[in-house]
Amino acid sequence: MKKNQENSYVGRRSGVFVKRLVLLFFTISFLSFQGVVKANPQSAIIQLNLKNASLIKILDEIKDQTEYTFLYNLKDVKGVKNVNITKKTYEVGEVLNECLSGTDLSFELRDNVIIIKPKEKEIKVQEPQDEILIKGVVLDDAGIPLPGVSISIKGTTLGIYTDIDGKFELKVPSDSKIMIVSIIGMKIQELAITDKTYKIVMHEESVSMDEVVVTGYQKIDRKLFTGSAQKLSAEDVKIEGAPDITSSLQGKATGVQVSNVSSTFGSAPVITIRGNSSINGNNKPLWVIDGVELEDLVNVSADDLTSGNLTTLLSSGVAGLNPDDIASFQILKDVSATALYGAKAMNGVIVITTKQGKEGKLTVNYSGSTSIKTIPQYSDFDIMDSGSELSVYRQLVDYGWVGMTSVAQSPNYGALGKMYDEIIKGNLNWGPNGTINEDYLEKYGRANTDWFGELFKTDITQQHSVSISGGTAKSNYYASVSYYKDNGYTVADKVDKYTASLRLQFKPTDNFTAGIKLASNIRDQKVPGTQTRTFDPTAGQYRRDFDINPFSYALNTSRSMRARDENGDLEFYRRSYAPFNIVHELNNNFVNIDVKDINFQTDLAYKFNSKLSVKSTFSLRKATTERAYMIHETSNQAEAYRAAGDQSVIDANPYLFRDPANPNSNAYSILPEGGFYNTNGSDLTHYYLRNTIDWSPELGEGHSANFFFGNEVNYTDRSYKSHEGWGISYDKGNVVTTAPELQNYLNSNGQVYFYMGNGRNRRASFFTTAAYTYMGRYVGNASFRYDGSNQLGESTAARYLPSWNASGAWNIHAEPFMMDINVVNHLKVKASYGYNGIMGPGTSAALAMYSGQTLRPSDKETYIYIAALENKNLTWEKMYELNLGVEFGLLGNRVSGEFGYYNRNSIDLIDAITTTGVGGALIKRGNVGDMRSYGYEFAINSTNIKTKDFQWTTNLNLNFHTSEITKLENFSSIGEAVSNVGTALKGYSQRSLFSVRFAGLDHRGIPTFYGKDDEIVYNINMQNRSNITDILKYEGPIAPKSYGGLTNNFKYKNFNLSVGLVYKWGNVIRLDDAFQPTYSDYDSFSKELANRWMVPGDENRTNIPAILDKRTLKELNGQNAYTLYNKSTERVAKGDFIRLKDLSLRYQVPHSFLKKFKLSNASVSINASNLWLIYSDSKLNGIDPEFYASGGVSMPVSRMYTFSLNLGF
Amino acid sequence: MTMKNIKYIMVLFVGLFSLASCDDYLSEVPDSRIELDNIDKVAELLANAYPECSYLFLETMTDNVDAAPTNRTTQTSEELFCWKTVSSISQDSPSFYWTYAYRGIAHANQALVSLEKLDGDKTRINAIRGEALLIRAYSHFMLVNIFSKHYDEKTAGTDLGVPYATHPESTLNAKYKRETVAKNYEQIEKDMLEGLSLIDNKFYKGSGKYHFTREAALAFASRFYLYKKDYANCLSFSNQLLGVGYNSTFIKDYQKVLAGQGPKGRAQVFSSTSEASNLLMMRKSVMYQLKFHVGYRLTNKIANTLYKYDARSRNMWAVNTDQLVVYQAKFEDLLERTSSSGSGMPYTVQTVFRGDEVLFNKLEAMWELAALESDEVKQAEMDKKIYALLNPFLVERYNGKSGSDYVTGTIDSYKTMYYKGLTPKDRDVFKRIMLDERRREFCEEGLRWFDIKRLGIEITHKNLAGKIDVLKANDSRKVLQIPASAISNGLEPNIIGDESPVTQN
């Protein structure tokens, strides 16, 4: 076996510090307990306080203090006892040299594994006459070669260890019968010697629980941890091909609800941990990467994540990470686990640890994947074909909704409008007797345009990542680069993302460690042009101008319109009075997103001795994002600004300029040439500094304690800017033509052509925690933290928040009386109670004033307005939380799991109240709400079958969550309560959906409803805020009552099949608005519309409202019956679903094969994600229950197939 | 590690961030908010203290409107027309007026408080203070006249007024109580007079028409004392603006209005800051000027009974081809866009004080003062003065190109024109003419409601459904209910009696 170069320092050092081992056979070994806090994994400096210990004790101690694992044959080392060592602090190599000198053992360091083995001496074996050479390779379950495995021949002294490639060769007497294969941590195997070559697969002794809980600040031994936390290794979570690893957390962690509301790159899933603790607050968990809080590029509230606005693409904090750099996730759920983060962590914490270098030789890893997304199909949705659409058009014509004049004045039209337009232009004749020209329309009736096919592509994405790592005891390194390319799911989007990261660690002296981390990423993304949506409170609807979201377009646009005519040329219709073709528009109206993000971090640690150490972390991050709206001169959005056909269009087109100085002149365009170049930028600067002191005093046998103190400073500056560029002609070399009246136009509309703003967030905190344990059985923990923030304004009274918690745990399995109960390997009960708070949303304790420009025709001046009156009693949103848990491990930990209960009482929640108005604001926001939420969590991991070649493991997690608002001044309007995001009302859950109570169709096919006193009404004021629960029906919560996941893993030899299911249950969904009194030939229709009310009497057979003629609509007299219908009990679906989220098959290339290519590891896998929505409410008609069809840049999560390859050199 | 070392480290760590430096660090303002650290900024705060709400909705409650069968109705217009409590809190509702008037008052109060802490040019500080006091007085004045009984010397001491806000609010839901009408008038008068003595036009930029100029303040005082029935003061303040004799400077020149192009052009002239007759203009977030097709409006029928051969009738525009609904082009309909598309918040610029009103205030005060005169000779002399002031105005309005037959320059002509059957003493005809002209002049400007209230005018409405309802002289429905949110937060509601009997047509 060759000597590894990397640990040659041992040799050099040993020359200086050679000490003799004194073997004292009669003294009792003693070892002080030091297990509360584990040292930095990279620290190879250890403190030993041992007298006359056995070698095994010493090795155990080294293992406790470092991340080294030992491999040795017990019989080799158990004889070495009463080792006396001379110093208190050692490097690992040093102490081993000292311990082993004088014995016939030597050691070898490979990666993080120390192999203790007999010194290689020339064993003079008597050469028997018949001797055979056996050789082979030893692998672990995953097919990875195991070095240092002891191979011995039973009944002899013959033996050898496997080399770094897991191989061995041994000459044995031909009459040898049995060989013993052993290594610590694996089951010993006895194999009959029957052959000359062997492939031996070792199996782990048991499925062990996570050993260490990383809270981000501290690493705590799992058995001493009292909070509720769950660790997920990136390997287990990762769905190949997914660019953003967070979405794959769905169904993997107990109590963590992940809703993948959009699949567009950069958009964050909605993640809540144990439900929402606030009514209106930002319920997003805190993300921590390598100990530093991760700020989002742009602040997007949890509610806005579903908005489809462009900013949602900057909402994912981890989109900039290379998924392959992530080593693990630690999800901290209860107040005890999150205590050290104080305010901001009330909604839980997700700690990401990235990979770092390890001592050992240089290794290179490559991982790459290619994914294909499938195109949505019309057969999945309930949309009328173009033939049926034509029959609806005939009714619209009969009723006079579509005709010559209406087409001329209509902002949008499709095939039917085009026919009228051709007739107006004299290119086409009327049908017989002045009817519609059926011959002309026939081709449209047959069109059945597949908009999905026109706009979507079988998307191919690629992801490549290369990392290099290695190191010595003095320093180590990890560097990676990655590239992600998405060619676009639609014809209008694509993404390129590059990341590079570097982590270095140095250890110039025994006590001092310095770490440097440098991470950067660059993103270039293109998405369809989009505008921010606005809410219309009277209709209770959102609107978005010039929306060209391909999915929304395909779903909502008439299929009788054709993308191309008979000649294959693009065929234009009308939208916003201008020619429109979606393919043309997507090519000429798009947004380029540019993100540059650089992060620098240093970690300094100094260890005074085994009891006291200090640590300091500093991080600096700069990120700039720019969104450039490229709206070309031929785009519909630009053309709409100059659409001025006949007089009716001139009068109606809102984008034309009406000169106030000449009120009777015709409106005209202020964009006679060119398009737009609008930019939007946001910059982030984040500094973070934390200093901590870790002190573990000596308390005597069995007792141990740890104290942790620290302070933290957080400094965030954000700046925003936007600029509108009017009149750029991209095709003419970007020449800019500005209309002279532009400024006038902007002034008269109260618009500005540029804007800048900034936000400053300052926080300072102190924290301390104390932990005590006796014999590792009884654990007590308490922590206190004091946070200060500038967000509440100048008020010094409101800006501080103290938070605290106390917790305890009992490791029952460590009790002596449990020692004989072999069935139970792990049993722990734990409880915590604590108090925490978070900054409430959008409030200021101090008077907040901003300035603006008066908007009026003359006398422009600057004014200052009061945005918020002083609220000197304003305080943080707070929460008391009780957490109870039981952890167990049975049957050699083949079955392990955790049961948890939590109860949260949130108080002082921010919501709006109405006041007398006398103080100057009718509606104010303050601490007016209380809410209780509680839930149960259950997780179980079991190894169902385990044989030599086959293993089946199951991982199930369930969560049941309930919330009830216990105090609130019910402020919501009917419009808010019936909207798809629901509302907050006392006595109901955090967000509840209500419906207008449908009372059937009347004799004219108009929907009717029950009013306050169950009377039949056609109109309900959507802005009404009083007694709304008398008028509306409670449908259910917006958030699921229960959710979770089930993962089954099957392993057969080198194949691994994983099947992941996720489910949600108990929530309700408001269906999209689909019905109106009349329709246009531009919109697609639901198939249900075919079943609409047509003639009197139909009201007894259908609930689908009629298309109204003009007279009946007039009778309706502006009453909002159709708006109400869309928000009624008829238009609600259940949100329950079961989804086959992930199906993957991996093949681990056998080691023997790899050797030929000088590879250390290789695997290939194929994976299908979002393969099958096994169950969802049929009323959803194919729409994904997790998806909000909000247009803009949102895109449903699609089926995706991925092929991936991992190689290690 | 010794204890000394530990101490040293502790000191280092805590010293890095003592609480004192922590407070400094956390005092950083979170965004681009403004601090009122100089008097210019206080003046800018007042630019936003003028209430953005309009009382134009009051017009729907007057006899200037009627049912138009072709118009779509809405809940709010129905409630207003039938003198019921309005449930809406949006634009064109009493609640909206209440909210935004108090919002303006909050700005004025903040300005007054901030001003006390600042140094600067003394006359400038005084002028800003004067403006703030006038805004506070004006907004409360409008509130008390909408939400309380009209001032009546005998009952004002017990009639419920409105809360008079004098300090910036500092708690989430501060409690207030309603003062009496008498107390309100007392506070308004005090603020108004002090403000009037302090303001100085020279500090206003531009036309100054969007601020309380001295002229606007005098017009306010003129209205205040008229409503208070303090006719001597009304006359005195009116004269300070107009002078003793007829002064056409502050009278709207209708020929100029009519020279405007079309309804939009005429509205622009009517509400132009360069019009001397326009004394105070305010930007109002309101939809009334747009909603010709909605609810109860000025109908052609009413317009025909109001105006004959009148210059004002030539600024009358039909809404539909059926010409059932008409409007006068007094307001520009403007839009504050919320996106680059057509959606946005409609607003207009409303002239809240016009010189013409001061003339009518003055005439009414003179008439009332003359009425007190027992000596008939002296009274006749006073009436002559009234006539000498009224007639030039009438000539101005009626000396249009048509109808000159009816306008010969004598008051008798008007008598024949409108009041043929009347035979009481001339004085009463005088008053009728004065009040009717007042109605004609301010039709669709919202002021008619206050006249109906203060003069005890009885009016009848017949709604679209054909229900006829009479608003009696002392009808309790002339007091609008305070907003529901104010009542639920502890303010005493108005007691509004049962509606008078409804008869089906």
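**Entry 1: chain B overall**

I began with the secondary structure of chain B and counted 18 helices and eight strands. The model is predicted, and I read every value below as computed from it. Next I looked up burial. Of the 505 residues in chain B, 59% count as buried. I then checked contacts in chain B between residues at least 6 apart in sequence. Of these, 72% join residues at least 24 apart. Last came the surface. Chain B has an accessible surface of about 20100 Å². Carbon and sulfur atoms account for 53% of that area.

**Entry 2: aromatic pairs**

How many aromatic pairs are there over all chains? I got 70. I picked two in chain B to follow up.

The first pick was Y227(B) with F450(B). This pair is tilted, with 40° between the planes and 6.1 Å centre to centre. I placed Y227(B) in helix α8 of chain B, residues 214-227. F450(B) belongs to helix α17 of chain B, residues 448-454. The two residues are in different helices, so the pair ties together parts that are 223 residues apart in sequence. I also checked exposure: Y227(B) and F450(B) are both buried.

The second pick was Y254(B) with F270(B). I noted an edge-to-face pair, 6.3 Å centre to centre, with 70° between the planes. Y254(B) lies in helix α10 (residues 254-258) and F270(B) in helix α11 (residues 262-270), both of chain B, so this pair ties together parts 16 residues apart in sequence. Are these two rings' residues buried or exposed? Y254(B) has 0% relative accessibility, so it counts as buried. F270(B) has 1%, so it counts as buried as well. The cut-off I applied is under 20%.

**Entry 3: charges over rings in chain A**

I moved to chain A and looked for charged groups over aromatic faces. K418(A) has its charged end over the ring of Y573(A), 5.3 Å from the ring centre. I found R762(A) over the face of Y715(A), at 3.7 Å from the ring centre.

**Entry 4: a four-stranded sheet in chain A**

What is the strand order in the open sheet of four strands? I read it as β10-β9-β12-β13 in chain A, with antiparallel pairing. Which strands form the edges? They are β10 (159-161) and β13 (189-192) of chain A, and each pairs on one side only. I looked up the twist too. Ignoring direction, neighbouring strands are turned by 20° against each other on average.

I then took one pairing apart. Strand β9 of chain A covers residues 150-153 and pairs with β10(A) in the antiparallel sense over three bridges. Opposite S152(A), I found G159(A) in β10(A).

**Entry 5: β25, β26 and β27 of chain A**

I started with strand β25 (residues 460-471) and strand β26 (residues 475-486) of chain A. They run antiparallel and are joined by eleven bridges. What do β25(A) and β26(A) form together? It is a hairpin, with three residues between the strands. For one bridge I noted the partners: S469(A) is matched with Y478(A) in β26(A).

β26(A) also pairs with strand β27 of chain A, residues 494-506. That pairing is antiparallel, over twelve bridges. Which residue of β27(A) stands opposite Y483(A)? I found Y498(A) there.

Note on methods. Residues numbered from 1 in each chain as written. Chains lettered and ligands numbered in written order. Predicted model: local features only at pLDDT ≥ 70, side-chain atom pairs only at ≥ 80, totals over all residues. Heavy atoms only, no water. Buried < 20%, exposed > 50% of the residue type's maximum accessible area, 1.4 Å probe, protein only. Contact = heavy atoms within 4.5 Å. Areas by Shrake-Rupley, 256 points an atom, 1.4 Å probe, with all protein chains shown as cover. Phe/Tyr/Trp six-rings, centres within 6.5 Å; stacked < 30°, edge-to-face > 60°. Lys NZ or Arg CZ within 6 Å of the ring centre and 35° of its normal. Pairing = 2+ DSSP bridges. Axes fitted to C-alpha atoms, helices over the stretch in contact; angles between N-to-C directions.
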